[in-house]
Amino acid sequence: MDFVSEMKAKAAKNPKRLVLPEGSEERIIRTARILMDEKLASSVTLLGKAADIQDFARTQGIDIDDIDIINTETNSNLNKYADVYYQLRKNKGMTPEQAKNDMTDTLRWGAMMLYMGDADAMVAGSVKTTGDVLRAGLAIVGTAPGIKTASSCFVISGMDPQFGKDGAMIFSDCAVVPNPLAEQLADITECAAKSCREFLNAEPVVALLSFSTKGSAKHDDVAKVQNTVEILEKREPSFIFDGELQADAALVPSVLDKKAPGSPVRGKVNVLIFPDLNAGNIGYKLVQRLGKAQAYGPFLQGFAKPISDLSRGASIDDIVITCAVTLARAK
């Protein structure tokens, strides 16, 4: 079973509640119908003005009778949500009046539904930017215990089956943190390891990449990865990792034997951690295009609840897949 089929099967096995903050967008309305038809969610909530959503659905012949619609400006939960938001942000200068105004924003409302347990997963970004999605998620949902950095990963599949788990690997971070500090890179590594378990159903074996292997080069960028490894060693995470490693050493056992003999990741790497966004973004796109691999994502990681970001150019199929993956992650 391929990655998409596995995620859909996982979502359908135990359907959860999804909120879509950009509920007036036509791709989102069509996605909501597909998710309910395929039984990938127990419920779907569209945020937006009911008249606009209903008018579009009616003209397009889309049945939305079993899909919830919330107008954040008039919903009865506005005062309750605004008060919770004020309590969360008052130490940062938030006032009750500003909190009520801010809570009409559909991204914040969707994040508050997650925080309050009124939804299990959120997907946005078809209209709003990644920065908008991240800010709403961080301000309300926050990061997972022990993690301070939200980041992303891609699932890269369809590669030579000798690599990763049957040709599938986790690449991180390729979309969110431009130049992470060592502490942030350690957070990214821990989150990517968790993503490996969720997406590949495999125990993570992680390589922290660099242009140096075990001190073969001296540079601040190399030192950052070395410091990250030291931080992880102190945290004692429940997965195997090694670094700093050049990509060929991480992936080819005979090369690793020469450059880092005795490495615990030999022949088993299924998670690649890139030192910065330049390397990560370039790396996954090279593998996708030159290697003709499938690249799924980016999927956000590190949040306390499942939140996913979309490309504003995402197709309906892309959105359905992202929703299925996000629902599959929901507890």
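**Close-up 1. A salt bridge within helix α2 joins D37 and R33.** In this predicted model, the closest N and O atoms of D37 and R33 are 2.9 Å apart. Both residues belong to helix α2 (residues 26-37), where they sit four residues apart, about one turn of the helix. Their surroundings are worth a look too: D37 is partly exposed at 49% relative accessibility, whereas R33 is buried at 14%.

**Close-up 2. D132 and R135 form a salt bridge in helix α7.** Here the N to O distance is 2.9 Å. The two partners are three residues apart in helix α7 (residues 130-141), about one turn of the helix. D132 counts as partly exposed, with 24% relative accessibility, and R135 counts as exposed, with 54%.

**Close-up 3. R235 and E183 bridge two helices.** The closest N and O atoms of this salt bridge lie 3.0 Å apart. R235 is in helix α9 (residues 220-235) and E183 in helix α8, so the pair ties together parts that are 52 residues apart in sequence. Both ends are partly exposed: R235 at 28% and E183 at 47%. Look around them for D187 and E190, which join E183 and R235 in a network of salt bridges.

**Close-up 4. F199 and F299 make one of the eight aromatic pairs in the structure.** Their ring centres are 5.2 Å apart and their planes meet at 50°, so the pair is tilted. F199 comes from helix α8 (residues 182-200) and F299 from strand β10 (residues 294-301), so this contact links parts 100 residues apart in sequence. F199 is buried at 1% relative accessibility, and F299 is buried at 1% as well. Together with F3 and Y296, these two residues form one aromatic cluster.

Key. Residues numbered from 1 in each chain as written. Predicted model: local features only at pLDDT ≥ 70, side-chain atom pairs only at ≥ 80, totals over all residues. Heavy atoms only, no water. Phe/Tyr/Trp six-rings, centres within 6.5 Å; stacked < 30°, edge-to-face > 60°. Buried < 20%, exposed > 50% of the residue type's maximum accessible area, 1.4 Å probe, protein only. Salt bridge = Lys/Arg side-chain N within 4 Å of Asp/Glu carboxyl O.
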